[in-house]
Structure formats: structure tokens, C-alpha cells
Amino acid sequence: MNATASFEIPTLAQLLDPSFHLMKAIELWHQLPDIVPIFLTGVVLFGMVAVMGQAAAVVMVLMERKVLSWFTQRKGPNRVGPGGMFQTIADGVKLLTKEDIMTPVMDKFLFTLAPAIFLFPVFALYAIVPFSESLIGVSLPLGLLVLFALSSISVIGLVLAGWASNNKYSLLGGMRSAAQAISYEVPLILSVIGVVLFTGSGNLKTIIEAQSGGVLHWYGIMLTPLSFLLFYVASIAEVNRVPFDLPEAESELVSGYNTEYSGMKFATFFLAEYAGLFVLSALTVALFFGGYTSPFGGTFMQNYGVADAIVQAVKLPAIKPLLVNGEQIFWMLSKTYIFIYIAMLLRGTLPRLKPDQLMGFCWKFLIPLSLINLFMLGFAKQFSLSFLADGFAGSWVYLALAALVGIGGVGGFCHFIDRQFKAQVAARYHA
Amino acid sequence: MMSVKELNPELQSNLPGVSIEAGFDTNDLVVNIGPQHPSTHGVLRLVTTLNGEVVKEMEPVIGYLHRSKEKMGESRSLFQYQPTIDRVEYLSSFYDHLVFVNCIEQIADIPVPKRVEYIRVICLELNRITSHLLWFGTFLLDLGASTPFFWCFRDREEVFTIFENLTGARMMYNYFRFGGVNNDLPAGWLEEVRAFCNHFPDRLDEYEAVATKNPILMDRTKGHGIMTKEFCLKYGVTGPALRATGEALDLRKTNPYSVYNELDFDVPTHTGCDTYARYLVRVQEMRESIKIIKQCIDKIPGGDGGALAILKKEVEAKTKEAKKNPEIVVPHWDKDWDTMGKKINLLTYKPPAGEASNFVESPRGVLGCYIITDGTPKAYRIKWRGASFSNLSALPELMKGHMYSDLMAIFGSLDVIMPEVDR
Amino acid sequence: MNEENKSPEQAPETEVIEATPAIPAGMFGALLESKGISAEHLGNDAKGTEIIRLTAEAILKAGELLKGDASSKLDMLLLVTGIDWKTHRESVYHLYSTVHYHSLIIKIVADANDTSPSLYPVWPAADWHEREAYDLMGIHYEGHPDLRRILMPTYWLGHPLRKDYKEEDPRLVWNRR
């Protein structure tokens, strides 16, 4: 690198042109020693993840309280700030300044470690979420593998919390969450394999670009709606939300694994749960609903030359990527919040499952169904590839096959298992 | 990890159901559910032995809410005691008053005017609705559905406002008197009740749409917590729990008191014997209560309180004048329109010596009161029968072999409230 | 619990009334006497519910009879009350029939040691009710499987509903002066 040679005094016109400064900055960026960009990328990435995660959680807590209050004929938080906007921040301050209570019978080290272990993988997941084609922490070729690797770590935090609290409710909650998270990991992965099968890549960006043709190319709608449903149900269970919130079932286990937690440690669990819901909703969008592309294919900015028109109007060629990325972030966030909203509606509507029902639902219904789904997708991929060229006609072949085999096979299998299970239960009651 | 003994040596000998010295299976987990727990509906403690998530043994420990209501009755006059009996069962306290007041009416042979009986029945049935609404909300809350809870509270508050307009209190009414009620209906009160009766069934449909056919709810309640008729008789279980076994035992129908024999209503029963059957029976009872209230509004002698109060003033004035001038015609006043059967100075009232027991069908089952008087202003002995007391005693056997999560569904379906158990 | 609400097929039963010098035997009294169990008839209360007093020896046999006999079928125990008459203690049992919808009140005087036979073998519902009567009134029910305190703490002294009960427990804060 020749750092000293290219320095010239800029003219006044150049100084007034923002694009000049942008070009200069990019030039400078490439001239820096290698370690600096890597370090800075790390810092920016960390900052992005932290801010995005926190901000999303703060918004979602307020949103959830508001949505539930509309559900239940209430006003919801409306005291702090306009329309209760700053309620979550006030709550956060309260939790930060609250006394951190630890009973003498706890395992203090693990008790403190548990929230961190729960939080870290959830926040790390933000790194692989593609918010736009440029705003993506790391575009890994096997981003999906990272997703599953990370999301299975957080359960250790819950089990540790349950164990270290030395409280029976916490222990039961921790054990329930372990069983639940491990079980629901299976349909979660099985349902995604279908997408990978058709895309041929585990990179989320590639998956999104494969669906960039608009609604008819979204996997969740036209190709593998069943996979989407399986993934969504399993992801709701992964983040322990109603109706799968058994680990913290407040009417049974007081508060489950976080019964003994107070102050910021409790807030950490709280934060991580909401961050987890956000990440999994975002991934649902990325995998099945075209990610950052608009429902009409690509982006308006590119398709209809809107970006070019704006660039010409303001005479700033450098803002074109900003415009395109901005629109993509808009689509990504809007779709994500739709799924978050659905999760909130579910919370307002459904009662909680029982542990045995939860396990039964996973092992006797979801897993067989996702296996059959996977088989059907493989079949469709192998034998009707020509129909699937545009991802449209083939999907109907798939749907018809899935309907025939799926309903018969799954129904019969579930019926058989259920009968066995009921006989066992009956035997236990009569014993 | 410290043992229970190290933590509190005094406590150790007082743990019922737990014999630490003898030692128990290490696979078992003894959980003290309560006395402070979100879904024990008060301060009940359930010493539960869990094997995994299956309940092996359970022992209810009660008495945390014991306020010595029976001893209080012996130490103060009936009139002083009356305001405190609202707290025997605070979710449907009109029923407490009814049994208490009826006992004294029986001992002293005080007549009760028809209008009073109808007012009482309206209050009782509205109170049954509020009680069942609270049960509906908390039952579903225990199952994890949070929304119906708030919906039920909205309607419950509406009824409480109606009660407030009548009695001045939202929960602790102290409205019934020996042989009457404290005051007549305020003007327009019956219309308020009628308006509520008109829109409530629609609301109930809405609540049922959320819950009744919900597959998760049905899965959690159907076939769980089966109580047969023999089981109910063994433990003295009454109320909706007994009616869910197909036994149409409702004291309003079988042994009519007040004016229930003049009213047309059905006793909802179900033959499911399980948690879901108890749920359905209670929901249906709310509809029957609405039916009863509507009939009472139509049948109540004297009608709305406003016009009657004006008439009463006129009658009183004219009666005075008629004593001086016999030509003045006093307007017709029916005995049935009174709000007091017999004038009693409550401050100095001494019921004759005697004893009476009275049982009514409260929202939770048979609520009873047994009073012995000895001619003094105080009662010699007052004994309360809370339906929850007997219903709760069935829980340990009912829970054996069920999942820990079923506890909340089954316990919730018994509709036990602790003030009635401990009194 | 009114007399007139008895089911029609029970009406002939009430006609069999034996006149005893003081108070005539009601339906249940007549039934017991026909089986050779002597009962003291205390008349009816204001609602027409028959009250009888039984001796400790006769109670279990009478209980089985009243519960099992087709004409009485008193299958539900509603209430057990302990009463302190200063000289002696008495247990009052309120019984109810879920078949005929009629009821009966049985009184049993406890002996000088405050011992009374438990009706648990006949009506298991007496379990908690008798525990309560033991706890608050100090009547010892013989034959009860699990006679422990139920409302008061296990370490409580005395029986609070007795007329001579004084709050003298040294463990109470206000007695520590």
C-alpha cells in the first residue's frame, strides 16, 4: 500500500460534494492496515447486535403489553411518556437498580453464570440475520448450521438457572425446558432441510435471493407451507412462549427457572426471551417469506428505478445503496413484526399445554409430520424438477402428494401411537 | 445444600406428610405448593410428593386463613357479628348472609315479605354469576389462558356496580336483615339488572367461543379428575362438582327455600364426571341464573323501587291523617311490598332460645349455618359449613397418579376458596 | 329439607308414627325403633328436620341402618358440629339424603373424657369435620383414622372453641409480658 502518494488538496466543489467524502472514506478504509478493519468490523458488529437486540426487545415488550391490553379491554401502559412509550425503559431502570437477592443455599457462581449463558447465544444469532443485502453481520455459507448450533446452547442456561437456584419449582422448570428445547430442535431442523434442499445452500442470503421473485416464489406460501408451519410452531416452542411456556408456567411453577431471580439477572432472562423471539421470527421471514425482498419481487427502488430517480434528483450517486438497503430493512422488519404479532395473538388466545401433551405433540405429531414432509419434498425435488422451475406448479404437485400421503400416513401413525399412549396412561391410573 | 432440619429445626417436626427421619425414596420430590402460590387461590398449602411430574401423595394443610369466625360469633351480639360474616365466603357473601339470616328467622319465627324474597333471589343469583365469573377467569388462567380472566373481571365489575348502587358496597354487602333487607331498591335499579341480563348471555357466548371448544383445554380437562357420585358422597362433595356426575342435587330445586319454587329454571347436569363436565355445568349455571333473574324482575311484587317509595310516603302520610279524619282514603298498600317483615331493634335484639340449621345452594355447593341461641343477644354456638371445606378434602385422592400440571386444572375445577375452608 | 318435599313414595312412611309420651318419634326415629335401636326424640326444628339423640353404643349400628335403609338413604354427611355445653360436650351430625332429599340431625353426647365414637366408618366425609371438632372443641373421636389438628397449628395448646378456653398460651406474643 502506498499511503502517502495519493494525497491531493481537494477543490471547494469537491469539499461540498458529500459523495466525494464518501469515496475518500472508502479509499481510506482500504488503505488501513488489515487488523484495523477486522477490529472495527468486530466492534461495529457487536454494537449492531447489542443495539438491535436491546432495541428490538424494548420495542417488543411494550408492543406485547399493548397488544395484550387491546385483547383484554384495557389501556395497557399509558403513564410513562406519550402512550406509555417509555414504560419499558422505566422498567429497565427499575430492574437495574433493584436489589440482587441471592439465598444462602444457592450455587452462586452458576446462578450468576446462567443468565449470561442464556443471553449470549441469542444475541450472537443476530450476527447471521440478514436485515438487508449489506446489513448482515456475517454471511456464512452455513448460516443455518450456526443458527441451530447457537440456539441449542441457550437451554444450558435454563437448566443451570433451575439447578443453581436450589428451588424445586426452578428445578422442575429447568428440567422441563431441557426436555422441551431438545425435543423441538428436531422438527425445527427437519423443517428447514426442505428449504436447503431446494436452494442448495445453507447461506441465508442465498436462500433469500432464491425467493426474490415475489410472493409466488416465497417458500412459505407456494413451495413448502407445511415446512413453514412446522418451523413456526417449533420456534415458538424453542423460545418458550404460550402455548409452550411450560418452563415458566406461572400457575404451576410460580415462575419456573427464573423464580429466584431478581433485578438485572431476571431482566437478562426477560431480554433474552424477547430477543430470541425476534431472531426466530426474522429467520422465519428469511427462510420462508422472502426475507428483505418485497412481496412484488426485488425492491421497488431497483425494480422501478425509484432509487435512480432519487439519485438523479439529489445528485448523490453514493446514496443509492442506502436507499436500496433502507427499503430492504423496511420489508424485513415489517414481515418480522407480523410474525411477532402472531406470536402475541397466540399468547392472548391459547391455554398452556401439559408436559406430556407437549412431548406427545412433538414426538408423535410434529416429528413424523416433518419426516413425511421432508420425504415429500425430496420426492418432489427428484421427480418433478421441471415443474418446479418457477417454484409454482411443482408446489401443487407437492401439495397433492403431501395431502394424500401425509394425511393418511401421519394420521394413521399418530392414531396408533396415541392409542398406545392412552392405554399406558389408563394402565397407570388404574394401577 | 442444607437440609430442612438445619434450616429450621422447629419446623421439622411439624411437616405433615414428610417423615425425614424415616427417609423416603430418593426419586421422590416433596414440593410445598403454597401457602403463597399463584394458583392456590388464597393461602392453601399442598404438601405434594412428586415422582417426576406425577403426584404420588398430596396432603392439604389448611388453617392459614383461620379467622375464628365461629368464636367471634359467640363473643359479640348477632348484630355486631353480621357485618363480619361477609368474610366467611367473600366471593359470594350474599349467601353467607342468607343462611345466617334464615336461621334467626326460623328461631324467632320472623315473617319475610314476598318482595324481600325476590330482592334476595336477584342478589343471590347475580352473586352466583360474579362468583362463577371469577372461577371462569381463574380456572382458565390456571390453565395458562390469560385473556378470559380480564374479560370476566369486566363483567364482574359491572355487577359489582349494580350491587354498589343497591347496598353501597362492592364485595362486603351486609345487606340482608332478620326478616327483610336493609333498604328498598333504588329507583331504576331493576332496569340496570335487566340491561345486564340482556347483554351478559352474548358475552358468555364470546367467552365460550374462546374456551369451550379449545382443543388444548379439552385435552387438559377431558377425562381428568374423575369424580363419580360415590366418590362425591364419600367426601361430602356438593355443588357443581356433584352435578357434573349426573346427580341433579340442587337445593334450590330439591328443597326449595325463599321463592325458588315459584321460579322456572333447570338444574344443569352433565354425566362426564371430569374436569370438563364441571366446567360445562358452571357455565350453564350462569345462563340459568340469568333466566332466574329475568323472571324475578318480572314477578317482583311492587316493581321498581322509585314509584314504590313515593307510594309508601303517601301511605304513611295518609295513614296519619286518617287517624284524625276517617274520611281520607288511604291508598292500597300490599303487605308483600314491605322490606321488613317485623320491626326489630337490632341493637337490643334478643332472639329466643333455640336452634336452627339452614343449608342453601351456594355457587360452590351446599353452604350451611347451624346456630344455637340461648336468649341472650349473642349466639351460643355458630357453626358454618363451607362447601369448599368438603370439596377440598377430596383433592388428595383425586390427584393421586395425575400429572403435576393437572393439579391446577383439577383443583381449579373444584372452585375452592380458602376463607370458606378456614373460616 | 322440608317435610312436604319428600318424594311421594315416602309419604306412607311418615304415617307410621309411634306416640311416645314426650315427643313423638319422627320418621327416622320410628325406623330405628322398628329395628330395635333406641333413640331419644328431640322433636323437629323450625324447618321440620327431625332431631334424634343416640347413645355412643347405638350410633354405628344406627348409622349403617340410616345410610343403607331404602326409606332413609341418608348417604351424605353435611356437617359435624361440636358443642360445649359447659358440663359436657356434644357432637351434632347433619345428614342428608341425595335420594329422598330429606335430612336428619343426630346428636351424640360425649362421655366424661370427651370421647365420642367416630362416624368415619359409616360416612367417610366425617374425616375432616371430626378433625375440626377435635381441634376446636377437644372431642376425641374413637375410631377416627387420623385424628390430628386441622385448622390450628400442630403445637397449639387447648381447644379454642371451648367456653372455658383462655388465651393463655405462653407462646402468644401478648402473653409474654
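In this predicted model, strand β7 of chain B, residues 365-373, is largely enclosed by the rest of the structure, because 9 of its 9 residues are buried. Buried here means under 20% relative accessible area.

Strand β7(B) pairs with two strands, β6(B) and β8(B). The pairings are set out below.

| Strand pair | Sense | Bridges | Residues in the hairpin connection | Example of facing residues |
|---|---|---|---|---|
| β6(B) (residues 354-362) and β7(B) | antiparallel | 9 bridges | 2 residues | Ala356(B) and Ile371(B) |
| β7(B) and β8(B) (residues 379-385) | antiparallel | 6 bridges | 5 residues | Ile372(B) and Arg381(B) |

On the β6(B) side, Ala356(B) stands opposite Ile371(B) of β7(B). On the β8(B) side, Arg381(B) is the bridge partner of Ile372(B). The turn between β7(B) and β8(B) contains Gly375(B), whose phi is positive, at about 90°.

Chain B as a whole has 18 helices and 8 strands. Its radius of gyration is 24 Å, close to the 22 Å that the globule rule gives for 423 residues, so chain B is as compact as a globular protein of that length. Along the principal axes, the C-alpha atoms of chain B fill a box of roughly 95 × 50 × 35 Å.

Of the 423 residues in chain B, 62% count as buried. Among contacts between residues at least 6 apart in sequence, 70% join residues at least 24 apart.

The exposed area of chain B is about 14,800 Å², of which carbon and sulfur atoms supply 54%. Chain B carries 49 positive and 56 negative side chains, and the centres of these two sets lie 5 Å apart.

Definitions and conventions: Residues numbered from 1 in each chain as written. Chains lettered and ligands numbered in written order. Predicted model: local features only at pLDDT ≥ 70, side-chain atom pairs only at ≥ 80, totals over all residues. Heavy atoms only, no water. Buried < 20%, exposed > 50% of the residue type's maximum accessible area, 1.4 Å probe, protein only. Helix = DSSP H or I, 4+ residues; strand = E, 2+ residues; numbered from the N terminus. Pairing = 2+ DSSP bridges. Rg over C-alpha atoms; globule rule 2.2 N^0.38 Å. Contact = heavy atoms within 4.5 Å. Areas by Shrake-Rupley, 256 points an atom, 1.4 Å probe, with all protein chains shown as cover. Lys, Arg positive; Asp, Glu negative; His and termini not counted. Charge placed at Lys NZ, Arg CZ, Asp CG, Glu CD.
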